[in-house]
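Thank you all for coming. I would like to take a few minutes to walk through one chain, so please have the display in view while I talk.

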Amino acid sequence: MRNPETILNSLSAHSKDVHYKYERLYRILFNEQMFYVAYQRIYAKPGNMTPGSDGKTIDGMSVDRIGHLIAALKDESYMPTPARRVYIPKKNGKKRPLGIPSIEDKMVQEVVRLILEAVYEGHFENTSHGFRPRRSCHTALRSIQTLFTGANWFIEGDIKGFFDNIDHHILIETLRERISDERFLRLIWKLLKAGY
């Protein structure tokens, strides 16, 4: 079984090549060690101790459960369960919807995220800071402070319900430009359509 770091580094090696097509990504989901990495990442975040839509927490994860999950992925019988929807308060007094998936779904999502990050991270512009490793609004502000000299004002914007309104067909077609693995894309489609 290949080491997860080796697998992800191998994917990252082609990330900057916009013409490279990734194949056989789905089989990475059969690597038990990838799920161990996913478990460590999920377990380390305090919010992930919240019970998922199945009422279970990350504490109940086991090697057997990971084995059953991998078996379901292999025969493509894996079906994500609808997330539990809760509303968390925003600074302006309104509430933001948050979906809490089952622990199995979180594990699959994290492995998929690791794969997608390796595929796309080298492709992003250096000026992109959102939802990237070792980047945040703080790194964006530091970059603006040191590099930007054009104006003294900024406009902040927020697209209302952005993630709830992304066209999933366009998203999959965008992924298909770099990924030539229909099983992997079908899995992402299942995750997008799981609902709440």
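Let me begin with a question: which residues in α1 meet which residues in α2? On the α1 side they are Pro4, Ile7 and Leu8, and on the α2 side they are Gln33, Met34 and Val37. Sorted by class, this contact of α1 with α2 has five nonpolar residues and one polar residue, with no charged residues. Please keep in mind throughout that we are looking at a predicted model.

As for the geometry, two packed helices are described by the angle between their axes and by the distance between those axes. Here helix α1, residues 4-12, packs with helix α2, residues 32-43, at an angle of about 95 degrees, and their axes are 9 Å apart. Since angles of 65 to 115 degrees count as roughly perpendicular, α1 is therefore roughly perpendicular to α2.

I would like to stay for a moment with one residue of that contact, Val37, which lies in helix α2. How much of Val37 is accessible? The relative accessible area of Val37 is 22%, which means that Val37 is partly exposed, given that buried would require under 20%. If we set aside the neighbours within four places in sequence, Val37 is in contact with Pro4 and with Leu114. There is also a pair to look for on the display, namely Val37 and Gln109, which are 72 residues apart in sequence while their C-alpha atoms are 12 Å apart in space.

Let me now step back to the chain as a whole. The chain has seven helices and two strands, and, read from the N terminus on, its elements run α-α-α-β-β-α-α-α-α. Along the principal axes, the C-alpha trace spans about 55 × 45 × 30 Å. Of the 196 residues of the chain, 32% count as buried, and the chain exposes about 13000 Å², of which carbon and sulfur atoms supply 55%. Turning to contacts between residues at least 6 apart in sequence, 69% of them join residues at least 24 apart.

My last topic is the salt bridges, for which the count comes to six. Which residues are linked in a network of salt bridges? They are Glu110, Arg113 and Glu117. In the first pair I will describe, the side chains of Glu110 and Arg113 meet at 2.7 Å, N to O, and both residues lie in helix α4, residues 103-120, three residues apart, about one turn of the helix. In the other pair, the side chains of Glu117 and Arg113 meet in a salt bridge, again with 2.7 Å from N to O, and these two residues of helix α4 are four residues apart, about one turn of the helix.

Are the members of this network buried or exposed, starting with Glu110? Glu110 has 9% relative accessibility and so counts as buried, whereas Arg113, with a relative accessible area of 31%, is partly exposed, and Glu117, at 24% relative accessibility, counts as partly exposed.

One further salt bridge deserves a mention, that between the side chains of Arg176 and Glu182, at 2.8 Å from N to O. Arg176 is partly exposed, with a relative accessible area of 26%, and Glu182 is partly exposed as well, with a relative accessible area of 39%.

That is where I will stop; thank you.

Terms used: Residues are numbered from 1 along each chain as its sequence is written. This is a predicted model: local features need pLDDT of at least 70, side-chain atom pairs count only at pLDDT 80 or more; totals for chains, interfaces and linings use all residues. Side-chain values use heavy atoms; hydrogens and water are left out. Axes are lines fitted to C-alpha atoms, for helices over the stretch in contact, and angles run from 0 to 180 degrees between N-to-C directions. Angles under 35 degrees count as roughly parallel, over 145 as roughly antiparallel, 65 to 115 as roughly perpendicular and the rest as oblique. Contact means heavy atoms within 4.5 Å. Ala, Val, Leu, Ile, Met, Phe, Trp, Tyr, Cys and Pro count as nonpolar, Asp, Glu, Lys and Arg as charged, and the others, Gly among them, as polar. Buried means under 20% relative accessible area, exposed over 50%, partly exposed in between (1.4 Å probe, protein chains only). Accessible areas come from the Shrake-Rupley method with a 1.4 Å probe; for residues, only the protein chains shown count as cover. A salt bridge is a side-chain nitrogen of Lys or Arg within 4 Å of a carboxyl oxygen of Asp or Glu.
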